[in-house]
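Student: I would like to learn how to read the contacts between chains in a model like this one. Could we go through them step by step?

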Amino acid sequence: MKIGVVDTTFARANMGKLVADEIGDNFGDIIVVRRTVPGVKDLPVECLNLLADCDIVVACGMPGAQEIDKVCAHEASTGLIQAQLMTGKHIIEVFVHEDEETEDRKLKTVVESRCRKHARNAVMLLKDPAWFTRNAGKGMRQGKDDAGSLSH
Amino acid sequence: MKIGVVDTTFARANMGKLVADEIGDNFGDIIVVRRTVPGVKDLPVECLNLLADCDIVVACGMPGAQEIDKVCAHEASTGLIQAQLMTGKHIIEVFVHEDEETEDRKLKTVVESRCRKHARNAVMLLKDPAWFTRNAGKGMRQGKDDAGSLSH
Amino acid sequence: MKIGVVDTTFARANMGKLVADEIGDNFGDIIVVRRTVPGVKDLPVECLNLLADCDIVVACGMPGAQEIDKVCAHEASTGLIQAQLMTGKHIIEVFVHEDEETEDRKLKTVVESRCRKHARNAVMLLKDPAWFTRNAGKGMRQGKDDAGSLSH
Amino acid sequence: MKIGVVDTTFARANMGKLVADEIGDNFGDIIVVRRTVPGVKDLPVECLNLLADCDIVVACGMPGAQEIDKVCAHEASTGLIQAQLMTGKHIIEVFVHEDEETEDRKLKTVVESRCRKHARNAVMLLKDPAWFTRNAGKGMRQGKDDAGSLSH
Amino acid sequence: MKIGVVDTTFARANMGKLVADEIGDNFGDIIVVRRTVPGVKDLPVECLNLLADCDIVVACGMPGAQEIDKVCAHEASTGLIQAQLMTGKHIIEVFVHEDEETEDRKLKTVVESRCRKHARNAVMLLKDPAWFTRNAGKGMRQGKDDAGSLSH
């Protein structure tokens with residue numbers, strides 16, 4: 001099994017390393033291929049190319065806090081979905097918006113949690129896709145506490 | 001006949017089970033294939049792949065209440081339409097937005113109604129598409145009361 | 001000549017019937033193929049499939065008044081344009097937004113006018129496309145009074 | 001050389017004629033093929049079809065002043081870009097928004113200037129593409145005075 | 001190695017020249033192919049065509065300050081991502097929004113910095129893609145000071 005990991009130099013944290021470490025530390029049988037691009041809009045084609053050889057790709061980015069950054073993230077996400085439809089393979093998008101938290105320290109916690117949890121999601125989609133159905137509707141979150149299922 | 005049902009671990013209710021049960025309980029001749037993915041943006045490619053083998057797919061999701069969640073839902077919907085155009089088959093989108101209701105109890109009612117009604121819609125598109133034309137313009141709703149036709 | 005007409009059960013008026021009647025009453029030589037789907041987001045693939053056999057399709061919908069309904073309409077429109085580009089054939093979109101008028105009676109007038117005028121547009125695109133060039137820039141409207149050309 | 005010109009009956013000025021005249025009066029060797037459609041959302045497929053036979057197409061439209069008109073224009077533009085990517089040929093979009101000016105007289109001036117200048121752009125892209133590089137970054141505008149290059 | 005550089009006559013600075021100079025002055029072995037189009041919406045197809053022959057393209061534009069200009073930029077960006085997915089090659093988008101700065105002098109500084117830095121990014125993607133991974137998450141910016149990595 002081979003997982004591609006793509007991140008950016010724009011991001012303010014080494015997201016690709018977090019994802020690669022989470023996979024490498026826990027699933028030694030999986031080959032990780034890492035790539036980095038300037039910003040989130042460069043992710044779609046890089047992921048597409050990796051999917052020629054990888055079973056799944058994790059696409060990491062950290063869009064800025066301004067309105068224009070939101071638009072860039074939207075364009076990137078649209079391209080990532082297109083790349084998936086072109087290949088029939090999943091790309092797990094791991095985006096952390098700079099304005100999710102106001103303190104660097106808290107933002108780092110979000111980044112680390114989201115990267116690690118989605119790294120696991122990517123692995124599980126390959127190794128045990130039925131795991132997701134066993135957890136359907138449980139309000140799972142990455143980077144934040146799980147919301148849980150709706151109470152009665 | 002084979003119907004694919006895809007939902008998410010992000011959702012706060014087991015929407016896929018509701019759809020699968022509605023079909024299984026009422027149409028025993030239909031095979032249901034169930035899949036679950038992390039979030040709504042992972043739905044398009046999963047649905048596309050299922051359509052290789054299924055006649056129709058029901059795609060369930062429960063976008064959050066924040067602005068970014070609305071954007072994610074929009075991206076997912078765009079991808080779901082693309083997947084339909086690539087295959088020539090329908091994907092019935094069943095999205096419930098977390099902010100449609102403020103109380104968990106009411107939101108669950110919306111989820112259950114929308115899932116079950118759209119499960120029936122998926123079946124009817126396969127078994128009796130003319131049923132829809134007999135009900136054209138009747139202001140049908142899923143998850144809420146029908147709006148009805150415009151009064152004179 | 002064969003014209004496809006697709007509408008929805010979500011709409012609060014039988015738009016497909018209005019379009020089909022307008023064509024049937026005035027152009028007896030044209031075959032009308034009618035289909036109905038749940039909502040506007042189900043229109044693109046249905047229209048695409050009809051275009052395999054029809055020369056043009058009229059796609060009718062009546063998006064609701066909420067923000068989310070506007071987004072759905074936008075997604076549907078995007079898909080309808082894609083379906084046209086895939087087939088090289090026109091899809092005439094006939095959307096009436098529920099909030100165009102506040103009274104049911106007035107909204108019905110808009111629906112009827114827009115459906116009938118666009119039914120004629122679909123026919124003319126097949127029978128006499130040069131008619132449009134003779135009327136270029138005349139500020140024509142469907143569902144409302146013509147705006148007319150800019151005054152001097 | 002063959003240039004396609006497509007406009008709409010929705011527009012409140014005969015934009016296609018302005019473009020065709022500008023080309024015909026100044027470049028007698030160029031064949032102009034004119035088409036008209038109901039509104040801007042009908043432009044993409046019409047332009048796509050013309051590009052099978054034309055070297056470039058000029059797509060004219062005059063979106064209304066309401067929010068929904070802005071959305072329609074956006075959908076049309078997206079489709080026009082897709083049509084270009086499908087054919088590898090340019091479509092010069094000439095859109096004038098009804099609310100660019102409040103007086104009819106002034107709006108007509110914008111329409112005439114934008115149509116004529118973009119007609120010339122279409123010709124130059126065919127006859128002398130290097131002309132554009134000689135004018136790169138000069139803040140050229142169509143329908144308005146040139147903005148010029150940034151001052152020192 | 002061959003790099004395409006496309007800019008516009010709409011821009012208020014000769015962005016293409018800045019990019020071409022940065023490459024030519026520092027990497028004499030790289031062939032630069034330059035093209036210019038009217039505005040940002042004309043970039044996608046021009047870039048697509050250049051990618052038939054170039055290894056990467058730098059797409060430069062300077063969207064105006066009005067809401068409609070933001071929409072145009074969004075449409076252009078979407079098309080640029082599509083062109084990348086069609087070719088499997090990168091297009092580095094270098095957009096400077098006119099309202100990023102209020103003074104011409106400051107805006108020119110942004111333009112120059114962003115053009116030159118992204119010219120280098122394009123070269124590095126060809127010559128040493130691993131350089132980006134070595135700089136992943138460092139909060140690099142073009143046209144502005146680097147944001148740096150999140151502090152502890």
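Tutor: We will take the relation between copies, then two interfaces, then one residue and some salt bridges, keeping in mind that this is a predicted model.

Student: What rotation superposes chain B on chain C?

Tutor: The general idea is to superpose one copy on another and to read off the turn and the shift. A rotation of 72 degrees with 0.0 Å of shift along its axis lays chain B on chain C, with an RMSD of 0.0 Å. For chain A on chain E the superposition likewise gives a turn of 72 degrees, a shift of 0.0 Å along the axis and an RMSD of 0.0 Å. That is the relation of a five-fold axis.

Student: Which chains do not touch, and how far apart are their nearest C-alpha atoms?

Tutor: Chain B and chain D do not touch, their nearest C-alpha atoms being 13 Å apart. Chain A and chain C are not joined by any contact either, and their closest C-alpha atoms lie 13 Å apart.

Student: How many residues does the contact take from chain B and from chain C?

Tutor: One begins with the residue count and then turns to the area. Chain B gives 34 residues to the contact and chain C gives 35 residues, and the two chains bury about 2700 Å² between them, 59% of it on carbon and sulfur atoms. B:Ile81, B:Leu85 and B:Leu150 supply 27% of the area that chain B buries against chain C, more than any other three residues.

Student: Which elements of chain B give two or more residues to that side, and what polar pairing crosses the interface?

Tutor: Across the interface of chain B and chain C there are 18 residue pairs in polar contact, counting pairs with both residues at pLDDT 80 or more. The elements of chain B that give two or more residues to this side are helix H3 (67-87), strand E4 (91-95), helix H4 (104-127) and helix H5 (130-134), and the largest share, seven residues, comes from H3(B). By class, the side of chain B that touches chain C divides into eleven nonpolar, 18 polar and five charged residues. The interface also has two salt bridges, and in a salt bridge between C:Lys41 and B:Glu93 the N to O distance is 2.7 Å.

Student: Why do the copies meet through different surfaces?

Tutor: One asks how far the interface residues of one copy recur in the other. Only 6% of the interface residues of chain B are also interface residues in chain C, so the copies meet through different surfaces.

Student: How is the side of chain A that touches chain E divided by class?

Tutor: Let us build up to the classes. The contact takes 35 residues from chain A and 34 residues from chain E, and A:Thr9, A:Arg12 and A:Val45 lose the most area to chain E, together 23% of what the side of chain A buries. Between chain A and chain E the count is two salt bridges. H3(A) provides the largest share of the side of chain A that touches chain E, nine residues, and by class that side has 15 nonpolar, nine polar and eleven charged residues.

Student: Is B:Ile92 buried or exposed?

Tutor: Here one reads the relative accessible area, which for B:Ile92 is 1%, so that this residue is buried. B:Ile92 lies in strand E4 of chain B. Leaving aside neighbours within four places in sequence, its contacts include B:Val57, B:His118 and B:Leu125, and also C:Pro38 and C:Asp42.

Student: Which parts of chain C does the salt bridge between C:Glu22 and C:Arg120 tie together?

Tutor: Side chains of opposite charge can pair when their charged atoms come close. The closest N and O atoms of C:Glu22 and C:Arg120 are 2.7 Å apart. C:Glu22 lies in helix H1 (residues 15-26) and C:Arg120 in helix H4 (residues 104-127) of chain C, so the pair ties together parts that are 98 residues apart in sequence. C:Glu22 counts as buried at 9% relative accessibility, whereas C:Arg120 is partly exposed at 37%.

Student: Which residues are linked in a network of salt bridges?

Tutor: One looks for salt bridges that are linked to one another: A:Arg12, A:Glu98, A:Asp104 and E:Arg141 form such a network. Over all chains, the structure holds 100 salt bridges.

Note on methods
Residues numbered from 1 in each chain as written. Chains lettered and ligands numbered in written order. Predicted model: local features only at pLDDT ≥ 70, side-chain atom pairs only at ≥ 80, totals over all residues. Heavy atoms only, no water. Contact = heavy atoms within 4.5 Å. Buried area = accessible area lost by both parts, 1.4 Å probe. Salt bridge = Lys/Arg side-chain N within 4 Å of Asp/Glu carboxyl O. Polar contact = N/O pair within 3.5 Å; in protein donor to acceptor, adjacent residues only side chain to side chain. Helix = DSSP H or I, 4+ residues; strand = E, 2+ residues; numbered from the N terminus. Nonpolar A, V, L, I, M, F, W, Y, C, P; charged D, E, K, R; others polar. Least-squares fit on C-alpha atoms with pLDDT ≥ 70 in both. Buried < 20%, exposed > 50% of the residue type's maximum accessible area, 1.4 Å probe, protein only.
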